[in-house]
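Here's a quick walk through a protein model, with the charged pairs up front. Have the viewer open as you read.

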Amino acid sequence: MVPEEARSNNKRQKDERTIYCLPSDIIERVFLTLPFSTLLRCARVCKQWRNFIHDPEFVASQLQHAPRYALLFFPQETVSRQRCPSDAILVDEALSQSTCAVLCLHLEKPVKNLRGDHFSLYTFGFHPASQQYKITHFLRDCTDTGGPHNNDRASVIQVYTLGDEKWKDIRTPIALNLNNIRNSGVVNNDGTLYWLTEDMIANCGHAVMSFDVSEEIFARIQLPAVLQDCAHGDPRRYWIREIDGKMCIATAQTDRYVPRWLVSKIHVWTLVNKSEHMWNHKYNIQPSSDFILGPNFVHWDRIIMRPSNGDVFASELSHENSDINFSKTVMLLNFSPRKHNLQSHNCVKSLVRLDVFKKAGIVRRPKQWEGWELKKWQFWEQNRSKIETMWCKVHQEEHKETAFAQSMHIELNRLLPRISDDAMRQYIGIKIDQVLPAFSNQAMANIGDMIRSATQDQFLMP
């Protein structure tokens with residue numbers, strides 16, 4: 001018999017000959033290849049692993065190497081007088097979906113009771129130079145009486161740094177057209193805001209405006225020369241988006257009478273050098289829908305778009321400057337009855353602790369979180385109640401049809417003796433037995449099964 005102490009020493013010596021004797025850089029490479037959930041389990045193995053995984057340098061390295069997810073976010077909205085709560089879905093590179101909790105940032109509005117304010121006028125981003133998270137807001141111009149201008153302009157950008165106590169107002173060089181900002185979108189890339197602005201000198205009538213949030217410096221960037229040359233002809237629409245960590249501009253020609261319809265390929269250009277106004281043509285995509293998600297619509301080697309019917313599709317891009325590979329198109333989900341507010345973001349599962357937000361006092365309290373979950377549950381309970389009501393109506397109709405078929409069967413059988421021809425009477429009797437029972441039992445049962453099959457998935461919570 002081997003003593004317990006000897007077995008313990010042998011196990012310790014064996015462990016020292018394996019992972020514990022590896023250099024720290026090798027251990028880091030091994031940990032960086034593990035999924036986020038596995039890292040959390042590894043941190044509970046021993047004190048050495050916990051200290052290594054929660055080391056600030058490893059946390060920063062894991063943030064850089066962590067796989068990216070597509071976050072599809074549904075803001076709270078009201079559709080057909082029905083309140084739809086906010087929701088979020090994560091999609092990984094294999095197009096697997098999972099629901100996730102949303103961290104809500106509770107801040108006082110920069111201006112209370114501001115008319116015409118909209119979520120599209122707010123952005124949230126991280127500035128790598130200052131290592132700070134910042135929220136920006138395009139403040140709509142108001143008249144002396146406090147009412148908004150009719151021309152829908154903004155002359156002030158308000159900046160809030162997480163941990164500060166108030167917003168900071170920064171005046172823009174020119175008044176900004178908020179309609180352009182809402183329609184084209186805003187991208188916060190590496191601490192710099194980008195949006196589309198008017199430019200009367202350019203042939204296309206537009207340019208890109210940038211704003212370094214930390215340095216508070218504005219700059220104007222001219223669009224690619226090719227877009228300047230093709231400015232004439234059918235109307236053209238522009239979108240500011242982010243692809244592969246870089247600011248991009250997407251543009252396509254639209255129908256003259258229905259501006260939402262795209263009638264040409266989507267040309268995507270990536271900003272290579274901001275100071276020299278250098279662009280690189282990245283994609284030339286044949287659109288498959290009339291709506292482009294923002295602020296991100298290209299994830300990995302796929303483009304995520306949606307038509308107006310509420311479906312969201314992921315289509316593979318075989319290579320740059322190519323059309324969509326429709327043979328490899330996958331439907332991700334249907335978000336009806338929601339309409340136009342679906343957003344697509346890039347996100348990662350990081351080891352960064354939430355206590356970095358403590359100074360801002362913005363993490364949702366448990367009671368508030370329970371209230372949010374209650375609203376979400378009530379929404380699905382209302383849907384379930386509607387489906388049950390529909391089932392009851394189908395069941396009632398089923399009984400009515402059955403009773404009608406049975407009464408018809410009885411009445412027709414009463415009339416059979418009046419037929420003098422025995423062969424004809426027998427033939428009609430067989431037909432009555434064949435048609436009416438099949439109609440009363442089987443046909444209505446099939447209809448009920450089809451309705452139940454089509455609606456049973458709506459009972460499930462997301």
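Let's begin with Asp301, which pairs with Arg302 in a salt bridge whose closest N and O atoms sit 3.6 Å apart. Keep in mind that the model is a predicted one. Asp301 has a relative accessibility of 33%, so it counts as partly exposed. Arg302 comes in at 18% and therefore counts as buried, the cut-off for that label being under 20%.

**Salt bridges**

How many salt bridges does the structure hold? The count is seven. As a general point, side chains with opposite charges can pair when the charged atoms come close. Here are three of the pairs, with their N to O distances:

| Acid | Base | N to O distance |
|---|---|---|
| Asp301 | Arg302 | 3.6 Å |
| Asp152 | Arg140 | 2.9 Å |
| Asp152 | Arg182 | 2.6 Å |

Which residues are linked in a network of salt bridges? They are Arg140, Asp152 and Arg182. Asp152 takes part in both contacts, bridging to Arg140 at 2.9 Å between the closest N and O atoms. That pair ties together distant parts of the chain: Arg140 belongs to strand 7 (132–140), while Asp152 is in the loop between strand 7 and strand 8 (153–161), twelve residues apart. Asp152 and Arg140 are both buried.

The other arm of the network is Arg182, whose side chain meets that of Asp152 at 2.6 Å, N to O. This pair also links distant parts of the chain, with Arg182 in helix 6 (residues 178–184) and Asp152 in the loop between strand 7 and strand 8, 30 residues apart. Is Asp152 buried or exposed? Its relative accessible area is 8%, so Asp152 is buried. Arg182 has 26% relative accessibility and so counts as partly exposed.

**Helix 2 and its surroundings**

Now swing round to the N-terminal helices. Helix 2 and helix 5 (residues 56–65) have axes that come within 10 Å and cross at roughly 45°. That angle is why helix 2 is described as oblique to helix 5. The crossing of helix 2 past helix 5 is right-handed.

Leu22, Ile26 and Val30 make up a nonpolar surface patch, and together they have about 200 Å² of accessible area. Leu22 sits in the loop between helix 1 (4–16) and helix 2 (24–32). With a relative accessible area of 36%, Leu22 is partly exposed.

**Backbone oddities**

In general, most residues other than glycine have a negative phi. Two residues here are worth a look on that score. Leu95 has a positive phi of about 65° although it is not a glycine, and its place is the loop between strand 4 (87–91) and strand 5 (97–99). Since its relative accessibility is 15%, Leu95 counts as buried.

Asp190 is another non-glycine residue with a positive phi, near 55°. You'll find Asp190 in the loop between strand 10 (186–189) and strand 11 (192–198). Its relative accessible area is 53%, so Asp190 is exposed.

**One more loop**

Finally, go to Tyr257, in the loop between strand 15 (246–253) and strand 16 (266–273). Tyr257 has 75% relative accessibility and therefore counts as exposed. Its C-alpha atom is separated by 9.8 Å from that of Pro235, 22 residues apart along the chain.

Note on methods: Residues are numbered from 1 along each chain as its sequence is written. This is a predicted model: local features need pLDDT of at least 70, side-chain atom pairs count only at pLDDT 80 or more; totals for chains, interfaces and linings use all residues. Side-chain values use heavy atoms; hydrogens and water are left out. Patches are made of residues with over 30% relative accessible area and no salt bridge: like charges are joined within 9 Å, nonpolar side chains (Val, Leu, Ile, Met, Phe, Trp, Tyr) within 5 Å. Accessible areas come from the Shrake-Rupley method with a 1.4 Å probe; for residues, only the protein chains shown count as cover. A salt bridge is a side-chain nitrogen of Lys or Arg within 4 Å of a carboxyl oxygen of Asp or Glu. Helices (H or I, at least four residues) and strands (E, at least two) are DSSP runs, numbered from the N terminus. Buried means under 20% relative accessible area, exposed over 50%, partly exposed in between (1.4 Å probe, protein chains only). Axes are lines fitted to C-alpha atoms, for helices over the stretch in contact, and angles run from 0 to 180 degrees between N-to-C directions. Angles under 35 degrees count as roughly parallel, over 145 as roughly antiparallel, 65 to 115 as roughly perpendicular and the rest as oblique. A crossing is left-handed if the near helix is turned anticlockwise from the far one by less than a right angle, and right-handed if clockwise.
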